[in-house]
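Student: I would like to learn how the labels on a structure are earned. Can we go through one together?

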Amino acid sequence: PGSAATLTVDDLSVRYGGVRAVGSISFSVGPGESVGIIGANGAGKTSTLKALMGLVPRGGGSITLGGLDLTRVRARDMVRHGIGYVPEGRHVFPGLTVEKNLLLGAYARRWDAGTRATLAEVHQLFPVLGEMGQRLAGALSGGQQQMLSIGRALMSRPRILLLDEPSMGLSPKLVGEILSALTRLREEGMSLLLVEQNATLTFGATSHCLVMENGAVAMTGTSGELSRDVRVRRIYLGL
Ligand code: ATP
């Protein structure tokens, strides 16, 4: 990864027209830290990530990465500033090959020997992406497309990786594979911010979590504590 840096979100809010989806949320993710955001449907998790990326208007507050102010940076420039983003629903380019999808992830970087090295790292993390490099992305299974979406984000050598529900629609076995990959990324020092509804992935891949409710942080705790909390398990994760 690019050298990890602290992401600080202070007082971020999101409005859709007159409706407040997220009100004044604050948190930080330190270098090499892995933080989860959990909560029921509609709690504001996706809106928080999108506002961070600038994909929906940010209503006040500030965002910094490694001390650099990104509050007013537009979505298309966020990647260049070190934020990797794996959107909900993967959004791979189905008509392009797997390799082309990956190389497009490096668009914000200067094309150099490092690009090939990063591609090799992504292939190491997800061997199937190397094996299926010349296949069309649209021909991959859901799990493989999720790996491709993560791999594509890694191609920009981010300083932090934001993931929006990577487990969506995946079998427990594939969720396990995503968890292994995220665990390996953590071991390599990558910072992660993970929005999830899947308990295995959330608590397995993070050290602590924010619980969102009605656009606000209702609770925070270590992933170990929260995984044992009956209310969290019942209300937010449907266990
Ligand atoms: P999910 O897990 O279902 O994605 P979430 O916690 O990510 O839920 P958001 O998708 O961020 O929640 O939604 C937060 C609130 O904002 C919800 O009340 C939702 O209906 C509303 N909302 C989301 N996107 C829009 C939009 N484009 N326009 C208007 N309201 C929206």
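Tutor: Let's start with one pair. R15 stands opposite R20 in β2. Keep in mind that this is a predicted model.

Student: How do you know that β1 and β2 pair?

Tutor: Two strands count as a pair if there are at least two bridges between them. Strand β1 (residues 7-16) and strand β2 (residues 19-29) have 7 bridges, in the antiparallel sense. The cut-off is met, so they pair.

Student: What sits between these two strands in the hairpin?

Tutor: The hairpin of β1 and β2 has 2 residues between the strands. There, G17 takes a positive phi near 60°.

Student: How do you know that β4 and β5 pair?

Tutor: Strand β4 (residues 62-65) and β5 share 2 bridges, antiparallel. At least two are needed, so β4 and β5 qualify. L65 stands opposite L68 in β5.

Student: Which sheet do these strands form, and in what order?

Tutor: The 4 strands make an open sheet, ordered β2-β1-β4-β5, with antiparallel pairing.

Student: Why are β2 and β5 called edge strands?

Tutor: Because β2 and β5 (68-69) each pair on one side only.

Student: What is the order of the sheet with 6 strands?

Tutor: That open sheet runs β6-β7-β8-β3-β9-β10, and its pairing is mixed. Its edge strands are β6 (83-86) and β10 (216-222), each pairing on one side only. From one strand to the next, the twist averages 15°.

Student: How do you know that β9 and β10 pair?

Tutor: Count the bridges again. Strand β9 (residues 208-213) and β10 have 6, in the antiparallel sense. At least two are required, so the pair stands. One bridge joins C209 to its partner G221 in β10.

Student: What makes strands hold to each other in a sheet at all?

Tutor: Strands of a sheet pair through backbone hydrogen bonds, either parallel or antiparallel.

Student: Which strands does helix α1 touch in the sheet it packs on?

Tutor: Helix α1 (residues 45-53) touches β3 (34-39), β6, β7 (160-164), β8 (191-195) and β9. Its direction makes about 140° with that of β7. α1 also lies across β1, β2 and β4, at about 110° to β1.

Student: Where does helix α7 lie?

Tutor: Helix α7 (residues 172-187) lies across β3, β7 and β8. It runs at about 150° to β8.

Student: Which residues come nearest to the ligand?

Tutor: There are 13 residues around the ligand, and G42, G44, K45, T46 and S47 come nearest. The largest share of the shell, 3 residues, comes from α1.

Student: What makes the approach of S47 to the ligand a polar contact?

Tutor: A polar contact is a pair of N or O atoms within 3.5 Å. An N or O atom in the side chain of S47 is 2.5 Å from a ligand oxygen atom, so the pair qualifies. A polar backbone atom of G42 is 2.7 Å from an oxygen atom of the ligand. For a polar backbone atom of G44, the value is 2.8 Å.

Student: How much of the ligand does the protein bury?

Tutor: Taken alone, the ligand exposes 620 Å², and the protein buries 58% of that.

Conventions
Residues are numbered from 1 along each chain as its sequence is written. This is a predicted model: local features need pLDDT of at least 70, side-chain atom pairs count only at pLDDT 80 or more; totals for chains, interfaces and linings use all residues. Side-chain values use heavy atoms; hydrogens and water are left out. Axes are lines fitted to C-alpha atoms, for helices over the stretch in contact, and angles run from 0 to 180 degrees between N-to-C directions. Contact means heavy atoms within 4.5 Å. A residue is near a molecule or strand if one of its heavy atoms lies within 4 Å of it. A polar contact is a pair of N or O atoms within 3.5 Å; within protein, one must be able to donate a hydrogen and the other to accept it, and residues adjacent in sequence count only if both atoms are side-chain atoms. Accessible areas come from the Shrake-Rupley method with a 1.4 Å probe; for residues, only the protein chains shown count as cover.
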